[in-house]
Each structure stands twice: as structure tokens, then as C-alpha cells.
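Visitor: I'm new to this one, so please zoom in on a single part for me: the salt bridges. Take your time and walk me through them.

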Amino acid sequence: MSALSDILGDLVSDVESVFLFSPSSSHYERFADADMDEELVVIAPENAVEAETYVELPLEFDNVSDRIRFGVEGALERELVEEGDVVACSVRVFDGDADGLVRVRIDESMRSGIYDLFANSRADPSVIRDVFEVAIELGKKGQKGKPVGALFVVGDAGKVMNKSRPLSYNPFEKSHVHVGDPIVNVMLKEFSRLDGAFVISDSGKIVSAYRYLEPAAEGVDIPKGLGARHMAGAAITRDTNATAIVLSESDGLVRAFKGGQIILEIDPEEY
Amino acid sequence: MTGEGLLSTHTVLQFDPGQFLDVFDAIPRAVWAALLVVVVGLIAAAVLGTLTTRALVRFGVPEAIEGTAFERTAREFDTSTVEVLGTLVRFFVLGITFLAVLSVGNVTVAASFWSRTVQFLPQLFFAVIILIVGVVVGDKVQLVVGERLTGIKLPQIGVFPRLAKFSVFYVAVLIALSQLGVATLALVVLLAAYLFALVLLGGIALSDLLKSGAAGSYLLLNQPYAIGDEVQIGDARGIVQEVNLFVTHVENDGEEFIVPNSTVFEKGVVRIRE
């Protein structure tokens, strides 16, 4: 028994702050009432426990390291912690209450840009989250059971429209559908068999489908092996302030690009 | 008449004559009638009360009023709003039964008092129902308005949900009082003044928004310009990034103009084609 508590003691010794990921209110209160020296940061999709220091988690990342990385990055951005700090993260790995404790030392490699992708993009964080959810849904189910690929360009729609041309009539012309509307998932699923990109505005309005992107692709550096769809998506984010979210047809992964760089790669099957 | 009919049936059937009929005869007909009314009344009260509760639950009332102060108070007493309403219906039917029993039994004690009570009881019943509905709806309105405004972190914003709640309360009380026949003219005048002020001040405060909204609905329906077009509105020249009900976002290198849609109509739009 003592060996066990020693392990736990080692994990939490000399930590500067404690990160609670999506805590239940009783769980949070136990920490809040304890009056600790360490700083307490709540990281959750919404501030249900009304914590003082709170970092919004736009997507309930299933992958724990992504979740922690996002929280740490958000805290860094908000200057709640700094590099070299040691943080104890109370996380939920399986269903139910928090069941894991992770000790993290914050260094430069933690800055992967995931937080930046959501918080500092042109488009609203909720719009980017909704597009992610659509892409993940699409990746999971495919179109009538077959894997499909899709390319969503989110934000800075005016410039994106000027750097692209229509491949056919725009099915979304004079329509006012926004991502996040329940009907949209079905529509996008149907339209995903069309070639070309979806263009989505800062506020989430679907501006166009069927767009052929014509950005300058010089200097875009994405991992080898990714196809033309990823290249086009990455290149348009370099040319404009948009964010591209790409669902790969061949490996079924969802990738996000910003500033010509790949920022995030997630497997829809894990959500 | 009916009593004699019953009597003759029994004699014809020859079914256990003797003592039973004696007992039946010994008690006056009016008491039997009253007993019947009591039984029917009790059954009707139970059935109607349960039906009311069931119907309200079926219409999704408990979910709709979840979290309102009235519902929470009801919960503290181990009941719920729909239960309270069902009980009210039960009491109402029981009250009517009571009065019916009195009239069947020909109780003539203070006849005018009872006749007035008969008229007054339904009014009181509806007044209570209106008050409860008013309180629940008012609470719900407060919750909904409050939820809408949660994004705005201003201490003063708390006034609006309360204002909405008390407006609903006020109207409910007004209807309930007029149901009871209490003079409410002064209160109605007050309500009219309040509504007038609300409309007038709201109209003045929101005039720009209303103008932009009207223009914006035209722009959204007809789309004279779309996202990606290069336009000039007044001094703002650039690419349209966003059109919504109230404003149009026009952006050029380094500047983003947020133009009210009313301006679009006042100054007109130049669509620029190379």
C-alpha cells in the first residue's frame, strides 16, 4: 500500500498547478475547498462548475494526450502557466468520473497549435468545432457505407471565393444553411460525393460547394503521401487566413491545416 | 316515481323481499339520491384529477417547466406542478359535488348564500388556475431570457429576466382579479401605460436595428451581392466576407468594415467587376 501512495506522491510532488479536465461539481469542490498552494485550472467544454480560471475545450478529445496538450496550450496562451512548470492533470480516460492522474512538464514541444487552431482562427471556435464534428461523422459513416473524402475551408470566405472557381452550379446559392443545423449533416453527406471543396464563412454559413481551389502552392510543406485534396487544403490556408479541415478518402483520418501547416490529425473511429 | 318503479321491479322479481325493502323504504328518497351524487362525484373527481395530470404529462408540461421556482417549491413538498393542478381539479369537482348534494338534499339554510357560492366557485377555481399558470410561465420566461443573456457578463443584465417575469406575473394577477370581479381598471391603465412606454422607448432605441433588419432581410432573400464579391458601400470598398441580418462585413487588405445594412440601402452598393 505504501508503495502505491509513494507513486502517487511522486506524481504530485512539486507541481505548480492542477488541471481538472471536465470535473464533476463535487470533484471540483473538493479541490476548490481544499485551499491549496497550487493553482487550480478547469478545462472543460463549458464552465459548468463556474471556476475562476477556466480554459474552454472546444472538442471533447477522446485521445487523452490531445486533450492534455490542448489544455496546456490554452493555459500557456492565457499565461496561467509558463514553460518549465510541472502540472498535475486529473483526467477521465474511461467512462465516468476522473480516473487518471498525469504529470506533465511543460516545454516548447507542447505547443502544437491545437489551441491556436480553435481559439485564434478567423472563424468562430464553435464553427470550427461543428465542421470537425461533421467531418468526423462523415469519416465514421462514409457515404452509404463507402469511405468518402471531403475538404472544408472555414473562414475568410470572401478571399477563398476569390481564389477559387466553381466546378458546377453552387447548390448552396441563396440558401442560408449554417454548419451545426441538424439538416446540414445529411446535406453535406449527400453533397460529399461531389468533387471540390466546401467553403464556409466565419459565422458558419455554407457559402458554396463544388469549388475548385486555385491557391499558389509554393512552399507548402505537408507530409509526403497525402494527395491533391490535402495539398489544395494546405495551400489555401497559406494564401488566406482560412482553416482547412480535410477528411481523407484513403486512410479515413481528419486533418486540420492552418497557415500551410498540418496542425491536428485525428481518427474518426476514436470518437 | 322512480322509487315506486324500483319497488315494483323488486316485487315482480320476488327477490329477497321483506327486510331489505323495509330498510330501503325507511330511508327517504332524497338521501339515496344524495348518496348516488356523492359516489358519482367522488369517482368523477378521482378520474378527472388523474386525467388532468396524465394529459399535462403527455403534453410535456413537466419537462417544459423543469427548474422553475414553482416546480422546485412543489418538489420540496414531494409533489409537482402537474400533481398540484390535478389535485385542484379534484377539489373543484368535490366542491361541485358538495353543492349538488346540498341542492338534492333540499337544504334551504341561507339559500341565497349557497346560490352565490355556486356562481363564485368556478370563478375562484379559474382564478387559482390562472395564477398558477402565470407563476409557472413567468418563472419559465425568466429562465429562458436569463439563458439567452448568459453570454453577456454584465451585472445590470439581471434586470431583464426579472422584468419579463414580473410582467407575466402582473398580467396573470390582472386576469385572475378580473375573473373574480374585483375592480381592476386602475391596474389595466397602469399596464397600458407600461406597454405604451415599452413600445415607444423600444421603438426609439431599436430604430436603427429595425431599419437594418428590414434591409438585411431583403439582402438575404435577394442576394444582390454575395460573399466573395468586390463591392463599394459608401467609403468602404473591399470583398464581402459576411452578410447577416443587421450588418455586412466588407474587408480589404488590413481593414474590415462592418457596415449596417441600413447604410447599404441609403448609399447604395457598387459591385465592382474588373
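**The salt bridges, up close**

Guide: Let's start with Arg237(B), which is partly exposed at a relative accessible area of 39% (that label covers the range between buried, under 20%, and exposed, over 50%, with a 1.4 Å probe and protein chains only). Keep in mind that this is a predicted model: local features need pLDDT of at least 70 and side-chain atom pairs count only at pLDDT 80 or more, while totals for chains, interfaces and linings use all residues. Residues are numbered from 1 along each chain as its sequence is written, chains are lettered from A and ligands numbered from 1 in the order in which they are written, and side-chain values use heavy atoms, leaving out hydrogens and water.

Back to Arg237(B): its salt-bridge partner is Glu230(B), and their closest N and O atoms are 3.5 Å apart (the rule asks for a side-chain nitrogen of Lys or Arg within 4 Å of a carboxyl oxygen of Asp or Glu). Glu230(B) is partly exposed too, with a relative accessible area of 26%. Elsewhere, shared partners tie salt bridges into one network made of Arg122(A), Asp156(A), Lys159(A), Asp202(A) and Glu251(B).

That network brings us to the place where the chains meet. Lys159(A) and Glu251(B) form a salt bridge, with 3.9 Å between the closest N and O atoms. Across the interface of chain A and chain B, the rule finds two salt bridges. The two chains bury about 1,100 Å² between them, 43% of it on carbon and sulfur atoms (buried area being the accessible area, 1.4 Å probe, that two parts lose on being put together, summed over both). Arg122(A), also in the network, joins Lys174(A) and His176(A) in supplying 38% of the area that chain A buries against chain B, more than any other three residues.

Now for a couple of pairs inside helices (DSSP runs of H or I, at least four residues, numbered from the N terminus). In chain A, Lys141(A) and Glu137(A) meet at 3.2 Å, N to O. They sit four residues apart in helix α5 (residues 125–141) of chain A, so about one helical turn separates them. Lys141(A) is partly exposed at 49%, and Glu137(A), at 25%, is partly exposed as well.

Over in chain B, Glu71(B) pairs with Arg75(B), the closest N and O atoms being 3.1 Å apart. These two are four residues apart in helix α5 (residues 69–76) of chain B, so again about one helical turn lies between them. Here Glu71(B) is buried, at 3% relative accessibility, whereas Arg75(B) is partly exposed at 43%.

And the full tally? Over all chains, the rule counts 15 salt bridges.
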